[in-house]
Amino acid sequence: MQLTPFILIPATLLWITFEAYAVPLTREQTGLVKLSLQQIAIRRDLHPQILLQRHINRSHRRLARMTGIVDVSPKIYLERLAAREAQIAARSLRVGHAGAKPGSHSGPNSIEKTFEADVTGSTTSTANGNQGFSPIDVAALANNTLTPANTPTTPNSIGLADQGADTGYVAIIEMGTPPRSFNLLADSGSADLWVGAEGCVSTNGTDCGNHVFLGPQSSGSFQNTTQSFQVQYGLGAVSGTVITDNVAIAGLQLGNHPFGVATQETDNFASSTSPFDGIMGLARSTISEQRVPTVVEALANNGLIQNSITSYKLSRLADQKNDGEVTFGGLDTSKFDPNTLTTIPNINPQGFWEAQIDTASLNGQDLKVVGRTAILDTGTTLLIAPSSDAQVIHQAIPGAKSDGNGGFTVPCTTNASLAVTFGGRAFAIDPRDLAFAPIDPNNPTGDCVSGIAEGQAGGPNQWLMGDTFLKNVYLSTDVGRNTIQLAKLV
């Protein structure tokens, strides 16, 4: 099957530089499995505004795929990136960024090098985590640092190595015979499991980079089928065949489990800078392009866990707790306040995880946001809201400004907190998560890119709530009951 690249963007804008570190797997108690999540780092030489636009474009595409609304053309996305580049270049000339000379900004490479000069320069500041953008996050932006996980104290838990600034989360599972570890993006917004195939090629004709691949040469239990598949994501796509092989999740064995191996990947997946070998989709299998059960459904079907429940605790680098995990089969009560556990129905008819929003408020001020719904997606970094809602939110944040391209800036020192109410309970976003990245890394008390942006693809009443929100709650999804649970973290 020939796979057409999903969107053509200059390679410097396509993907973020990542590193991945495997975490050992251990046998845990039957019925409840906890699997480590590994945070993805953001590229240190990518300007925050370019990074913001990349996340906005990706989120728009995910919303279009989830809702079935016709997406805009790739040309529109390129124009948005070009507008963002021009905005950065103009600002660099105004403030005298390193290397900024008239006519020197000829494209994204020069813009990214300007940002790299900023982040690798002096970051001396009187700011701390309560006075501006976290120095820990600034260092992660500049140095692409990995923060080792603390030794877990909870049974059935594997530690999380914390990398970058909370842009995504990667789980480690084992596949094949003999078993080998694969790094998989944990994605509640899709329902297909895949890794690269032996002999995988990218859409530009090269190989699929420095990843772990699966096939008959590496696995004695690998069995191919004649069934093909193709999956389109917010940015990128893969195609290949459905196979069966042994899968081990925290020591629980799924023999001859059906999933995909990608024989062709778009460049962002195939690149050696991609931190993961594949994706583990954890929505309902009704949206699976492979038409097979998800991992959590298979674990329940085989009696390895009691319920097809997936629960998430996404960590925040600035907290230095390094306590992210995904739990199969139940909830980890050590991660949340049980008195705040709220059960709400999943209202999405396709198979995504979507909840009714009661209302939203900013520092206690009712924003008059009613009749809205939210898709809860661990595979999205930002919170994307319809234009009118995003503007209402930022109008209530002192010092917030629109950048004219679908994004916003907020003071890095903001104390504003957006609270979204589900099932009668309000869940607040930490003010630190409203500040996605500083415009100038040397000024952590200046303006920051907002973690909330406009989105046009999901309709006037639909939000896409990514990690900006999900870092602030304990999230649990139940396939059998078709419910979602949220709770406040401890």
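**Close-up views of a five-stranded sheet and its surroundings**

**View 1. Leu 383 stands opposite Ile 452 in β25.** The model is predicted, with local features needing pLDDT of at least 70 and side-chain atom pairs pLDDT 80 or more, while totals for chains, interfaces and linings use all residues. Residues are numbered from 1 along each chain as its sequence is written, and side-chain values use heavy atoms, without hydrogens and water. Strand β18 (residues 383-385) and β25 run parallel and are joined by three bridges. Strands (E, at least two residues) and helices (H or I, at least four) are DSSP runs numbered from the N terminus; two strands pair if DSSP finds at least two bridges between them.

**View 2. The open sheet has five strands in the order β14-β17-β26-β18-β25, with mixed pairing.** β14 and β25 (452-454) are the edge strands, each with a single partner, so one side of each has no neighbour in the sheet. From one strand to the next, the twist averages 25°; angles run from 0 to 180 degrees between N-to-C directions, with axes fitted to C-alpha atoms, for helices over the stretch in contact.

**View 3. Helix α8 (residues 387-395) lies across β17 (372-376), β18, β25 and β26.** Its angle to β25 is about 140°. Contact means heavy atoms within 4.5 Å.

**View 4. Gln 462 lies in strand β26 (residues 462-465).** Gln 462 is buried at 11% relative accessibility, where buried means under 20% relative accessible area, exposed over 50% and partly exposed in between (1.4 Å probe, protein chains only).
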